[in-house]
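I opened the notebook to jot down a few things I wanted to look up, one entry at a time. Here is what I went looking for and what turned up.

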Amino acid sequence: MFDDFFIRALVAGLGIALVTGPLGCFVVWRRLSYFGDTLAHSALLGVTMAYTLELNIALSVFIISSLIALILIQLQKKTNLPGDALLGLLAHSSLAVGLVVIGFLTFIRFDIMGLLFGDILAVTTDDLLIIWTGGAVILLVLKLIWKPLFASTVNYELAEAEGLNPDRAKAIFTILMAAVIAISIKMVGLLLITGMLIIPAAMARNISDSPIKMVIYSIIGGLLSVVLGLFSSLEFNTSSGPSIIMASLILFMLSLLNIKQSIKLKN
Amino acid sequence: MSRENNILVKLNNAGFKQNGKWLVEGVTLAVEKGKIVTLIGPNGSGKSTTAKIALGIYKNIEGSVEKYTNKVGYVPQKISIDWTLPIRVRDFMLLTENIKEEKIDEALSLTGVIHLKNKSLGNLSGGEFQRVLIARAICKKPELLVLDEPVQGVDYTGEIALYELIKKISDSLHCGILLISHDLHTVMTATDHVVCLNGHVCCSGSPMDVARNNEYKTLFGEQASQILSVYEHKHDHVHLDEGEIKKN
């Protein structure tokens with residue numbers, strides 16, 4: 001069944017969309033888009049490390065992304081630089097270091113375009129296993145920390161005062177972000193992962209009035225984007241990442257129409 | 001809960017310093033089951049800070065705080081809800097604990113905002129939101145209720161009704177309440193213990209003791225002191241919702 005590369009890509013993409021849907025909502029709510037971007041940029045370094053040390057790509061990306069997240073937290077504590085400057089610093093320097101290291105690894109032939117924008121041909125049966133088990137673990141953990149994470153997203157002090165331990169939830173969420181980037185890097189590409197997190201969630205925001213609805217619509221949006229994106233990628237021979245993101249962009253634009261309609265109805 | 005003395009939360013010589021400046025220091029107080037402790041004091045005197053110390057929101061404090069309950073309801077002084085969150089009143093009611101639908105309805109009815117249950121939180125007026133905040137805090141049947149100026153922005157009749165509700169809750173739930181209020185009338189009618197803050201505890205005791213205290217007089221003026229002594233004589237009945245008068 002998984003012999004066909006396209007089926008593999010489809011199954012992988014659907015697994016990723018199930019995870020990026022709910023996580024993406026928190027990225028939007030907590031204003032973490034640039035944070036996600038930074039982790040994704042650092043993933044290139046993770047990929048080069050995987051090749052040099054012959055590690056699994058997902059594992060190595062996960063380690064590097066978590067490390068970058070830790071460094072970020074330390075820098076935030078120790079310097080007076082604003083958060084976005086620190087994020088920019090880490091994003092671009094880790095991308096630069098990654099590219100330089102690739103330059104040195106002349107003995108390996110890299111498909112840079114594939115790394116940056118995703119490659120459906122690259123998805124193996126092992127990747128499927130990583131995506132689906134990794135994804136299931138991520139969702140399970142997210143379910144467990146949902147209450148404190150959501151409460152502290154609404155108001156940190158309320159969550160803290162009423163005994164929900166928001167700091168721990170935040171730390172765990174950071175690790176989940178690194179994990180989702182690790183499992184989706186091959187498919188979506190490191191430049192476009194944040195789009196996969198944000199765009200379906202943003203689309204869902206336009207059409208929902210409660211947090212649960214937003215999560216559900218965000219998942220549905222992600223699944224549709226993957227299906228539409230992959231079929232068009234096959235049809236027009238385009239990279240998988242950009243095709244999926246374009247599909248989600250189209251869904252987002254459709255959700256804007258919905259807003260206009262509801263505003264008209266109100267007047 | 002500490003068994004012998006019903007204490008829910010206790011501050012021992014507690015203080016908090018931010019950016020090298022003391023927000024409040026040397027606060028000792030205890031909130032017991034079924035009792036209302038009120039913090040009064042001018043702006044910037046450390047009332048909210050003291051509440052946050054008691055709640056454990058501030059971590060690196062001087063002195064110590066002993067908390068004997070985890071069932072806490074908190075109405076913060078200011079709270080802003082982000083527009084990026086699609087959240088209705090009923091979602092907000094479930095924020096920190098899962099609560100049965102009928103309990104939610106009951107709490108929202110008590111504070112007079114049941115009709116807003118499915119409204120988006122971002123569309124409420126200041127006073128409506130304040131009522132929702134109070135409903136959320138009492139809905140989970142807390143043992144300790146911390147109310148930081150809970151009726152700000154609420155209309156005058158609503159204010160009186162809400163304070164009566166708070167008193168009623170303290171009696172029926174038998175929970176301890178830490179109340180911050182600038183309304184000295186309220187302080188007098190409902191409170192068991194008053195702590196007057198001005199960066200430190202300037203005086204504390206029963207409402208009457210505080211009213212007679214000289215430091216209190218210099219802080220709030222002679223007139224405020226008279227408000228309190230007036231109550232000493234008048235406070236022999238309460239007005240119920242239906243307009244009846246109940247003798248104490």
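**Entry: Asn6(B)**

I began with the contacts of Asn6(B): leaving out residues up to four places away in sequence, Asn6(B) touches Glu32(B) and Lys33(B). I note for the record that this is a predicted model. Asn6(B) sits in the segment before strand E1 (7-18) of chain B. I also checked a distance, and the C-alpha atoms of Asn6(B) and Val31(B) are separated by 8.6 Å, with their positions 25 residues apart along the chain. Is Asn6(B) buried or exposed? I get 16 C-beta neighbours inside 10 Å, so Asn6(B) counts as partly exposed.

**Entry: Glu222(B)**

I stayed in chain B and looked up Glu222(B), which I found in helix H9 (residues 222-234) of chain B. Glu222(B) counts as exposed, because it has 8 C-beta neighbours inside 10 Å and the cut-off for exposed is 12 or fewer. How far apart are Glu222(B) and His174(B) in space? From C-alpha to C-alpha I read 35 Å, for a pair 48 residues apart in sequence.

**Entry: chain B as a whole**

I then stepped back to the whole of chain B, which holds nine helices and eleven strands. Of its 248 residues, 41% are buried. I took the contacts in chain B between residues at least 6 apart in sequence, and 64% of them join residues at least 24 apart.

**Entry: where chain B meets chain A**

How many residues does each chain give to the contact? I noted 20 residues from chain B and 19 residues from chain A. The side of chain B that touches chain A divides into twelve nonpolar, five polar and three charged residues.

**Entry: H1(A) against H6(A)**

Next I turned to helix packing in chain A. Helix H1 (residues 5-29) and helix H6 (residues 125-154) of chain A have axes that come within 10 Å and cross at roughly 15 degrees. That angle makes H1(A) roughly parallel to H6(A). The crossing of H1(A) past H6(A) is left-handed. I picked out some of the residues making the contact: H1(A) contributes, among them, Val11(A), Gly15(A), Leu18(A), Phe26(A) and Trp29(A), while those from H6(A) include Leu128(A), Trp132(A), Gly135(A), Leu142(A) and Thr153(A). By class, I have 16 nonpolar, four polar and two charged residues in the contact of H1(A) with H6(A).

**Entry: H2(A) against H9(A)**

Which way does helix H2 (residues 33-53) of chain A run against helix H9 (residues 193-207) of chain A? Their axes are 8 Å apart and the packing angle is about 155 degrees. That makes H2(A) roughly antiparallel to H9(A), and the crossing of the pair is right-handed. From H2(A), I listed Ser33(A), Gly36(A), Asp37(A) and Ala40(A), which meet Ile193(A), Thr194(A), Leu197(A) and Ile198(A) of H9(A). The contact of H2(A) with H9(A) has four nonpolar, three polar and one charged residues.**Entry: H3(A) against H8(A)**

I looked at one more pair, helix H3 (residues 57-78) and helix H8 (residues 166-188) of chain A, which pack at an angle of about 145 degrees with their axes 8 Å apart. H3(A) and H8(A) make a right-handed crossing. Residues of H3(A) in the contact include Ile57(A), Val61(A), Phe62(A) and Ser65(A), and those of H8(A) include Thr174(A), Ile175(A), Ala178(A) and Lys186(A). I sorted the contact of H3(A) with H8(A) by class and noted twelve nonpolar, three polar and one charged residues.

**Entry: H10(A) and what follows**

Helix H10 (residues 211-236) of chain A has 26 residues. From its first C-alpha to its last, H10(A) reaches 36 Å, close to the 38 Å expected at 1.5 Å a residue. H10(A) is followed by Asn237(A), which is placed in the loop between H10 and helix H11 (240-266) of chain A. Asn237(A) is not a glycine, and its phi is positive, near 55 degrees. I count Asn237(A) as exposed, because it has 8 C-beta neighbours inside 10 Å.

**Entry: Arg31(A)**

My last stop was Arg31(A), in the loop between H1 and H2 of chain A. What is the phi of Arg31(A)? I read a value near 55 degrees, which is positive in a residue other than glycine. Arg31(A) is exposed, with 12 other C-beta atoms within 10 Å.

How values were computed: Residues numbered from 1 in each chain as written. Chains lettered and ligands numbered in written order. Predicted model: local features only at pLDDT ≥ 70, side-chain atom pairs only at ≥ 80, totals over all residues. Helix = DSSP H or I, 4+ residues; strand = E, 2+ residues; numbered from the N terminus. Expected span 1.5 Å × (residues − 1). Axes fitted to C-alpha atoms, helices over the stretch in contact; angles between N-to-C directions. Parallel < 35°, antiparallel > 145°, perpendicular 65-115°, else oblique. Left-handed = near helix turned anticlockwise from the far one by under 90°. Contact = placed C-beta atoms within 7 Å. Nonpolar A, V, L, I, M, F, W, Y, C, P; charged D, E, K, R; others polar. Buried ≥ 20, exposed ≤ 12 C-beta atoms within 10 Å, placed from the backbone.
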